Amino acid sequence: MPYVLVQVGRPALPDAGPAGHPMQGVSARVLSWHAVSGVLWIAGGISGGLGRDVFWTLALAIEVGGAAANWPVPGVGGDRRSTWAKVSYVHLADRYNQFFMIALAEVVLEAGAAISFPGFSTERTITLVAAFVAVVSFWRIYFYHVGPGRPSTGSLAGEGLQLSWWASFSLLLIVGGIICTAVGFGQVIEDPNLPIDWALVVIIFGGPVLFLIGRTYLERPSETKSRCRVLMVGALVLAAAAPPMVFLPPVAATVGAGLILAGIAIYDGLSHRSGPETNPAL
């Protein structure tokens, strides 16, 4: 309910203001889309099980699709977002950093909750250390895989808004990858002797791959500098190391993923220190 109130109340404010405000047309369209998705969010909260999954999936699809299509509503005009919007790179980066830190804490929370009930053992301790290594690697790659900075003031309207939405989808990959990693490591900590299968391997190794892909495309490539390939090479290494893990114990999979992430973080730091920085900052 609080989420729905925020999503509906925010675009409703310009509509309640003086007539002729440049944002009223856009806000009316946004309000129309969020009013529909809000009904589905509330319906999902009231229901449970499969019904909740269906309602919330439809609500998310409506919000993402509406934003991508500029919230079209028949008979309601208004300028496109790119004609008036300005985005501060510093403000945008701070918001994304907050989302990232919340997602990163999920790995620590999931690992701690999983080991608290059965208690420590050799396998659980090894997996817990691997989870900690993965957390530190995520943090190192996210915050220090940077390059020449952008202006700290507002951007050009069209460029800034395009960067905002484009970077938002990259952040979805980053957060989704971290959550997958938390789930995979948590399952192994909870039961280190569970039968390993492809699904568990995909979660443990696919999470870091999603994170690296999202982090690579979080920043717009510079016109004068090529995009750094270190993270994409690291994603390929993780993908190549995943298949043999089906024949090894689950603890080996978590250790392998953690060590590869640590290697990527170390090599990424060394490559940026010894050569020119490659990626423009957000």
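**Exercise 1.** Which backbone nitrogen lies 3.4 Å from a polar atom of the side chain of S137? Describe the surroundings of S137 in this predicted model.

*Solution.*
Step 1. Locate the residue: S137 belongs to helix α5.
Step 2. Decide on its burial. Residues under 20% relative accessible area count as buried. The value for S137 is 4%, so S137 is buried.
Step 3. Identify the polar partner. The nitrogen in question is the backbone nitrogen of A262. A polar contact requires N or O atoms within 3.5 Å, and the separation here is 3.4 Å.
Step 4. List the neighbours. Leaving aside residues up to four places away in sequence, S137 touches L261, A262 and A265.

**Exercise 2.** Classify the aromatic pair formed by F100 and Y142, and state which helices the pair ties together.

*Solution.*
Step 1. Recall how such a pair is described: by the distance of the centres and the angle of the planes.
Step 2. Take the values for this pair. The ring centres of F100 and Y142 are 3.9 Å apart, and the angle between the planes is 5°.
Step 3. Apply the cut-offs. Rings pair if their centres lie within 6.5 Å, and planes under 30 degrees apart count as stacked. The pair of F100 and Y142 is therefore stacked.
Step 4. Place the residues. F100 lies in helix α4 (residues 89-116) and Y142 in helix α5 (residues 122-144), so the pair ties together parts that are 42 residues apart in sequence. Both residues are buried.
Step 5. Widen the view. The whole structure contains 7 aromatic pairs. Ring pairs join F100, F138, W139, Y142, F143 and F211 into a cluster. In addition, R215 lies over the face of Y142, at 5.4 Å from the ring centre.

**Exercise 3.** Describe the course of helix α7 (residues 198-216) and the setting of T216 within α7.

*Solution.*
Step 1. Compare the span with expectation. Helix α7 has 19 residues and reaches 26 Å from its first C-alpha to its last, close to the expected 27 Å.
Step 2. Look for a bend. At G206 the helix bends by about 30°, and the proline P208 follows within four residues.
Step 3. Examine burial. The buried residues of α7 include F211, L212 and R215. T216 has a relative accessible area of 1% and is likewise buried.
Step 4. Find the polar contact of T216. Its side chain reaches the backbone oxygen of L212 at 2.7 Å.

Key:
Residues numbered from 1 in each chain as written. Predicted model: local features only at pLDDT ≥ 70, side-chain atom pairs only at ≥ 80, totals over all residues. Heavy atoms only, no water. Phe/Tyr/Trp six-rings, centres within 6.5 Å; stacked < 30°, edge-to-face > 60°. Helix = DSSP H or I, 4+ residues; strand = E, 2+ residues; numbered from the N terminus. Buried < 20%, exposed > 50% of the residue type's maximum accessible area, 1.4 Å probe, protein only. Lys NZ or Arg CZ within 6 Å of the ring centre and 35° of its normal. Expected span 1.5 Å × (residues − 1). Bend = angle between axes of the 7 residues up to and from the residue. Polar contact = N/O pair within 3.5 Å; in protein donor to acceptor, adjacent residues only side chain to side chain. Contact = heavy atoms within 4.5 Å.
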